[in-house]
Amino acid sequence: MKHLYTTLLLLASLLGRAESSYIFTPINSSDGLSSNRVHALAQLPDERMVIITDGLINLYDGARFTYLHIDDKNVFPLGDFHGYARIYRQNNERLWIKEYKRLLLLDLKTEKFISNIGTFFDEMGVKEVEVADFYADSQKRLWVRTYDNRLLYKTPDNQEQFISDLTAMAGNDNRLLEINAHKDSVYLFFQSGLITCHHAATGKEIYRKKFEKSHKLYTTQVIYSHIIDKLLYFVCNYNGAGGQLFRYDLSRRSIELVHQADYWLNTFSPDNRGNIWLSCEKGLWCIDILSGSKKLISELHLYDGKVANFAINTQFCDKRGGMWLGTTNRGLYYYHPDRFRFKSIPTAAFATRDERTFRVNCFADRNDTLFIGTPHGLYRYESGNGKVSLYDAIPPDAECYNMLKEPDGTIWICASHHGLYRISDTDIRRFRFDDNVFYLYRNPDNSFFLAVGKGFCRFNPSTGECRIIESTLCLGTIYQLTKYDNNSLLGLSDAGIFIYNRKSDSVSITGTYETNRPPIFRQNNLRYDCLFTDSRGLIWIGTRDGLSVWNHRTNSLQSFHTENGLVNNRIQSIIEDTAHSVWVSTAGGLSCITLMPDGDGYLYQFTNYNHYDGLIATEFFERAAYRTTSGTLLWGGVGGFSMIDTTALHCNANHLPRPLFTRLLLSGGEVVPGVAYNGDEILSGILAHTDEITLRYDQNTFGIELATLNYINPSQTRLYYTIDDSSWNEIMCKEGIGVINFTRLSPGDYTLKAYTTDHRISSEACALLKIRIKPPFRHSTPAYILYILSLIVLAFVAIRTYRAIMRRRTEAKEKAAREKEQYLSMIKNAIAIHPDVQQDTLPPDKKLLHEALECVERNLQNPDYSVEQFSRDMNMERSGLFRKLKAVTGLSPNAFIRTIRLKHAASLLKQGVPVRDVAEQVGFGSISYFSKCFFNEFGVKPSQYPEKK
C-alpha cells in the first residue's frame, strides 16, 4: 500500500511559520482510503482514526488502512434520523455509528460489527420496530427515542425510562434532535428551538429555554453539539436560511450567537489551543473562544505548494493537536503545527526562466532583507510578506557564487566572471578582475583572502588590490577557506585540502601516502565538499562519503556515517547555530549534531530531518549554508532554500502515543483472529486488544508488527523494544511501521515492552505484550509430573519386587533348613527303628546320608574316630566328602560326627544313664569337653537335660 506521505517534490510555503499558514497533507484513495467522500471522523482510545466513507468504515494507524465491511445483517434500521453521520464511543470496547436511517455497532476487540443490536434494545424494554432514533451524551449514556415519543436511556449498570411522553412535554411536531449532558444535568434539543434541562437520575424537568425567532432555531433541521468547560456549543442548520453556532452558558442560562452564515454549517470541534474549528461548504472557520475572533480558511495550502478549494464535510481535532478534515470528494487532509517545522521557499518563487540550472548558492542578511545568491543573479527575500524579488543592482546573469557579511553589515558578493561586489550603507561598488571570483574569506585579524581561477590572493578591500600567493602546487579552483590554527588556514580546492601558512606565505598539500599525511588527513575518502571550524575549535570536514571531525586538543580524527547517525553520507554544508549545535546538510536531509563534553573529547548525538519536516525535497548545494543575525539557519539547494528558527524546535510538549501492536506474523503470514493453527486458536480478537499470546514450541520463530501512530512525521520514528527488561533494541520505522522479529525463542514466559520516539519527543508509555512459548510435551509440567509419577511407581514396584524376592529367598532357606533337619531326624529315626532298610531303595542323597550314619554309628564309642578315617570308610576323598556332606546336611564331616554323638548322648541321658557313662559310650574322652559341646548343642548341661521337657 502506498504510504500516507507520498514522495514530496517540494514544499511551497510563502505564508510564514507553519502555525499560521496551516499547511495540509492530503490522504486519499491513492494512499489506501476506501473512498474520497468522507462523512465522519473520530479517534479510538488507542488513537487510531475512524473514518466513515461511502460504504465502508476505515481504521487508520498512520501507515495502513483497515477496512470494516458492512453486511445487511449488521444494519439496524433507524427510520427517523436524517442528520450528519455520528460516531459515539460507548467504552473502550464498543463504537456506535449512526448514519442516515441506519445504526451500526462495532466490537473494537474483534473489529467486527455486531449483528444482534436488537437484543440491546430488548434489554431496555423496547421492541426493534419501536426505535426511531438513537443518541449518546458526553457522559456516555445511551438514549433511545421511540416512535410513540418515549425517551429511555441505558447506563452500564441499568436502564431507565426517562420521559414517557415527549409530545406532552414539548408539543406536537416537535422532534427531538440532540441530547447532551453536563454532570447531573441532561439537555434536550428540539426542532422548534426549545431546550429543556432535566435531572439525569430522575428525568424531572429543571427548566426550559425557548429560542427567540430571531435566532431562527425554530426551523432547525440538524443540531450538532459539544460541551467545552461550562459552555455548551451547538450548531443549528435550518431550511434555506443557513446555519448558526451558539454558545449556551450552563451556569447563567444565557444563549449567545457566536457565528452565523447563509449556508449550512457542518461539524465542529475544539483544539487544545483555545480554538473552535467549524467545517462548512466554504472551507474551514477558525474561531478563537476567548477573543471571539474569526478567520475563514477558504483555501488549503498543501505541502506541494498547491492550493485546494472545496467543501469540507467534517473535521476532527485529535488528542495530539492534529486536525483532520473530511471532504466531499477529495478524501482527507491532515494538519499539525509540528508537521512542517522548516519553512521552504521553492524555485517557483524566484520566477526564473530556467529552473533546470537554477539553484541557491549562498546567503547574506542585511537589516530585514535576506540576499540570496543564484546562478541567475541576486535576489531579495522579505520575511515580512514572504516575497522574493530580483535585486537589480547586480546583473541578472551574474552567477553569485559566494557571499560574505562583515560585522558592520557590509556584504561582499563573489559573482564569478562579473567580479566582486560590495554592498554597504553608502553605495554598491564593483571590483573587476581578469579571472573568475569564487570565494572571499575574512580572517579574524581583518585580513582578506580571495579565491580566483588561478589560485588565491591577499585582497585589500579598500583599494581592491590583489597579491597572488605564489605556489608551485597546482590547486585548481579554490572553493573554501577556514581557520586551521593561529598561523594557518585550511583550504578546499580541486586538488583536495591544503594548508596555507600565513607566516611563511607557503602552501602545502596533503601527502600522497598515508605516512606523509598530517593526522587530520589520514582518512580513506579524499573527495571533500565543505569545511567548517566551530566555536570550540573543532574542524569539520564534509566528504562525499561521511563526516570527519578533527580535534586539535586530542590530536584525533573521528569519522561518522549513516550507521553512526547521519541522515545521509554525502555532506554538502556545515553550519553552527546559536546553541552551538552543528548542522550538516546532506543529499538526503539535515543532521543536527549536539556535542556533549567527554574528557578532552566529545560525545555526538544526531537528530535528523528530511522533507517530511518541511525541507526542500531536492538535494542541497555544496557550502550553501548560512546563519542570520537573528540566529535563523538557511540552506540552499536545487529546489530552492529552507530555513528554521532553531529556538522553536523544542517548544512542543506533546508526546507520541504508545505504539500499537497490529499484526502477529507466523510462517510468513499474518495470524488471523478466530482461525485455528494446527488445532490451536492463537488470537481470539485483534492483536491491538490482546494482552497475551500463547504459541507452541514449534511456533517460536515469529514477528510482531507495531504501528507508531506518529501522524506528524512517521519517517523519523524510532521504535525501541526490550523483552524481559534486557537491553533495549532500536528499529527505524521509515514507513510508520516497525516489525520485531524473534527467532527460536526458548520456551518460557516473556514480557515485550516497546515505545516510540522521534527526534523531538518520546511516547508517553510503553506498549506491553505477554508472550508465552509452550514447551514440547516432553518438557512440559504434565510431562514432568508423569515422569515423577512413573519413577515413583517404578521405585515402588522395584522395592516390592525386591522385598518379595528376598522374602522368597529367606523362606526357601528356612524351608530347606527345616527340611534338612526333618530329613536328618527322619533318617536317624529310620535307622534307629528300621536298621534293616534296604540301601538300594534310597535316593542318592539319602543313600549317602545312610552310609555316613552307619560309619559314625559303628565308631560311636571310638574317641579317636577322625575325618580321615571317616573318608576312607565312605570311600571318598576328604574334600569330596566335605562337599557332599555339606550340601546334604549343611554340616562338615567333623560337625556331623559330633552331632551324631551328641544326639545319641541325649537319647541315653533320657534313659537315665549317668553323664560319665554317656560320655564314654558316645566317644568323648573328657567329661568337661562333652559338657561344653552338649551345652552348645542343646542349651543345657547334660545333668539338666533329663529334666527338660
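**Entry 1: R145**

I began with R145, and leaving aside residues up to four places away in sequence, I found that R145 touches D80, E130, V131, A132, D133, Y135, R150, L151, L166, R175 and L176. I note at the outset that this is a predicted model. R145 sits in strand 12, which covers residues 142-146. Is R145 buried or exposed? Its relative accessible area is 3%, and since buried means under 20%, R145 counts as buried. I also looked up one of its contacts, L166, which lies 21 residues apart from R145 along the chain, and the C-alpha atoms of the two are separated by 9.1 Å.

**Entry 2: the chain as a whole**

I then stepped back to the chain, which has ten helices and 70 strands. Of its 949 residues, 53% are buried. Among contacts with a separation of 6 or more, I noted that 50% join residues 24 or more positions apart.

**Entry 3: two residues with positive phi**

I looked up two arginines for their backbone angles. R253 is not a glycine, yet R253 has a positive phi of about 60°. R253 belongs to the loop that runs between strand 21 (242-249) and strand 22 (254-261), and with a relative accessibility of 38% R253 counts as partly exposed. R623, also a residue other than glycine, has a positive phi near 65°, but the place of R623 is in strand 57, residues 620-627.

**Entry 4: helix 5 and its two partners**

Helix 5 runs over residues 844-858, and I recorded that its 15 residues reach 21 Å from the first C-alpha to the last, close to the 21 Å expected at 1.5 Å a residue. I list its buried residues as L848, L849, H850, A852, L853, C855 and V856.

Two packed helices are described by the angle between their axes and by the distance between those axes, and I looked up both values for each of two pairs.

How do helix 5 and helix 8 pack, and at what angle? I found an angle of about 65°, with the axes 10 Å apart, which makes helix 5 roughly perpendicular to helix 8. The crossing of this pair is right-handed. On the side of helix 5 the contact is made by L849, A852, L853, V856 and E857, and on the side of helix 8 by F896, I897, I900 and H904.

For helix 5 and helix 7 I found an angle of about 110°, again with the axes 10 Å apart, and helix 5 is therefore roughly perpendicular to helix 7. The crossing of helix 5 and helix 7, however, is left-handed. Here D845, L848, L849 and A852 of helix 5 meet K884, L885, V888 and T889 of helix 7. L849 and A852 appear in the contact with helix 8 and also in the contact with helix 7.

**Entry 5: helix 7**

I checked the length of helix 7, residues 878-889, whose twelve residues should span 16 Å at 1.5 Å a residue, and the end C-alpha atoms are 16 Å apart, which agrees. Which residues of helix 7 are buried? I noted G880, L881, L885, V888 and T889. They cover an arc of only 125° around the axis, so they lie on the same side of helix 7. An α-helix has 3.6 residues a turn, so residues three or four places apart point the same way. On the other side of helix 7, R883 and A887 are exposed. Just after helix 7 comes G890, which takes a positive phi of about 80°.

**Entry 6: helix 10**

I repeated the length check on helix 10, residues 927-938, where the twelve residues should span 16 Å at 1.5 Å a residue and the end C-alpha atoms are indeed 16 Å apart. F930, C933, F934 and F938 are its buried residues. Seen down the axis, the buried residues fall within an arc of 110°, and they therefore line one face of helix 10. What covers these buried residues includes helix 8 (893-910) and helix 9 (915-921). The face turned away from the buried side carries the exposed residues S928, K932 and N936. My last look here was at G939, just after helix 10, which takes a positive phi of about 85°.

Methods
Residues are numbered from 1 along each chain as its sequence is written. This is a predicted model: local features need pLDDT of at least 70, side-chain atom pairs count only at pLDDT 80 or more; totals for chains, interfaces and linings use all residues. Side-chain values use heavy atoms; hydrogens and water are left out. Helices (H or I, at least four residues) and strands (E, at least two) are DSSP runs, numbered from the N terminus. The expected span of a helix is 1.5 Å times one less than its number of residues. Buried means under 20% relative accessible area, exposed over 50%, partly exposed in between (1.4 Å probe, protein chains only). The arc is that of the directions from the helix axis to the C-beta atoms. Contact means heavy atoms within 4.5 Å. Axes are lines fitted to C-alpha atoms, for helices over the stretch in contact, and angles run from 0 to 180 degrees between N-to-C directions. Angles under 35 degrees count as roughly parallel, over 145 as roughly antiparallel, 65 to 115 as roughly perpendicular and the rest as oblique. A crossing is left-handed if the near helix is turned anticlockwise from the far one by less than a right angle, and right-handed if clockwise.
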